[in-house]
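Student: I would like a close look at a single part of this model, with the packing around it and any charged pairs described in one connected account. Please take it step by step and give the values as you go.

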Amino acid sequence: MLFASQVPGVAFESLPIVASLSAVALAAVHLLVGEGVDTDTGAGRSALSAAGGAAVAYVFVLLLPEVAHFAAQDPRVTAGSVTEEAIYGVAFAGFVVFYGLEVLVARTTAEQSSPPPAVFWAYTAVFALYSSLIGYLLFHQELPGVVNLLLYAVAMGLHFTITDHGIRRHLGARYDRVGRWVLAGATLAGAAVGFLTLGQPLVITGLFAFVSGGIILNVIKEELPHPRRGRFLSFLGGAVAYTLVVALI
């Protein structure tokens, strides 16, 4: 659990406060991101690409190495009852789940201006579960400490700017009326569950692996299908900047 050890120079009691404030900030991202900003061209598109680069850098530079490290140390992995391949399989599952969801909503919106109610609620429900999971993990970081927590919170905030952009594009006005409020509430609900419960180490490792797969898919689906719309230099800048922050810390 995140609060299992005290970080030098940081009061033990401050960690749940930082995690709680981070949950509120992530919920606010759902509510406010994209308001009045053109994210298809110009500075808005560049900012979105930079956010995507930073989020992907977090996965490859920090999150996946942590997943590998803690998976290798778990007694069930060393005993052979659970394999490291299974952990990475969970990451792949996260990738596949969101790819399948994207295909579903893309096909339904291609036939009509907006997805039918069943698809709208299915799409929103999956992302609500995803947001609640990210909120839950605020209180169950694999590495203890406020710095690691903030690196996670910032990366997830940038990631939400990517996912919410895609959701708004698919769902349109219904996202603004309903969807964003569902996602914000789910983030806070997940954080509340994380605060009130203990987490099993291998389960936490698996959840981080699933989130990794989701981040990778949700970023590349925004950047790769439309290379002219994407901003490679902004993407690269965000990735390099976040990597340097991690390296310097």
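Tutor: An axis here is a line fitted to the C-alpha atoms of a helix over the stretch in contact, and the angle between two axes, taken between their N-to-C directions, runs from 0 to 180 degrees. Everything that follows describes a predicted model, and the part I have chosen is helix α6, which spans residues 146-171.

With helix α1 (residues 14-32), the axis of α6 comes within 9 Å and crosses at roughly 10°. Because angles under 35 degrees count as roughly parallel, α1 is roughly parallel to α6. On the α1 side the contact is made by Leu15, Val18, Ala19, Ser22, Leu26, Val29 and His30, while α6 contributes Val146, Leu149, Leu150, Ala153, Met156, Gly157, Phe160, Thr161 and Asp164. Sorted by class, this contact holds 11 nonpolar, four polar and one charged residues.

The packing of helix α5 (residues 117-137) on α6 has an angle of about 175°, with the two axes 12 Å apart. That angle makes α5 roughly antiparallel to α6. From α5 the contact draws on Phe120, Tyr123, Thr124, Phe127, Tyr130, Ser131, Leu133, Ile134 and Leu137, and from α6 on a set that includes Tyr152, Met156, His159, Phe160 and Thr163. Its composition is 12 nonpolar and six polar residues, with no charged ones.

Helix α7 (residues 173-196) packs against α6 at an angle of about 145°, the axes being 9 Å apart, and the crossing of these two helices is right-handed. Here Phe160, Asp164, Ile167, Arg168 and Leu171 of α6 meet Ala173, Arg174, Tyr175, Asp176, Leu183 and Thr187 of α7. By class there are six nonpolar, one polar and four charged residues in this contact. Phe160 of α6 therefore takes part in the contact with α1, in that with α5 and in that with α7.

Side chains of opposite charge can pair when their charged atoms come close. At the contact with α7, the side chains of Arg168 and Asp176 do meet in a salt bridge, with 3.0 Å from N to O, and Asp176 counts as partly exposed because its relative accessibility is 26%.

The search of the whole structure finds three salt bridges, and another of them joins Glu102 to Lys221, whose closest N and O atoms are 3.5 Å apart. Since Glu102 lies in helix α4 (residues 84-111) and Lys221 in helix α8 (residues 201-223), this pair ties together parts that are 119 residues apart in sequence. Glu102 and Lys221 are both buried. In the salt bridge between the side chains of Asp74 and Arg76, at 3.3 Å from N to O, Asp74 counts as buried at 7% relative accessibility, whereas Arg76, at 37%, counts as partly exposed.

Returning to α6, Tyr152 and Met156, which belong to its contact with α5, are also touched by Tyr58, a residue of helix α2 (residues 42-73). Tyr58 is buried, its relative accessible area being 2%. Apart from neighbours within four places in sequence, Tyr58 is in contact with Leu63, Leu151, Tyr152, Ala155, Met156 and Tyr242. Between the C-alpha atoms of Tyr58 and Ala239 there are 8.1 Å in space, although 181 residues separate them in sequence.

Notes:
Residues are numbered from 1 along each chain as its sequence is written. This is a predicted model: local features need pLDDT of at least 70, side-chain atom pairs count only at pLDDT 80 or more; totals for chains, interfaces and linings use all residues. Side-chain values use heavy atoms; hydrogens and water are left out. A salt bridge is a side-chain nitrogen of Lys or Arg within 4 Å of a carboxyl oxygen of Asp or Glu. Buried means under 20% relative accessible area, exposed over 50%, partly exposed in between (1.4 Å probe, protein chains only). Helices (H or I, at least four residues) and strands (E, at least two) are DSSP runs, numbered from the N terminus. Angles under 35 degrees count as roughly parallel, over 145 as roughly antiparallel, 65 to 115 as roughly perpendicular and the rest as oblique. Contact means heavy atoms within 4.5 Å. Ala, Val, Leu, Ile, Met, Phe, Trp, Tyr, Cys and Pro count as nonpolar, Asp, Glu, Lys and Arg as charged, and the others, Gly among them, as polar. A crossing is left-handed if the near helix is turned anticlockwise from the far one by less than a right angle, and right-handed if clockwise.
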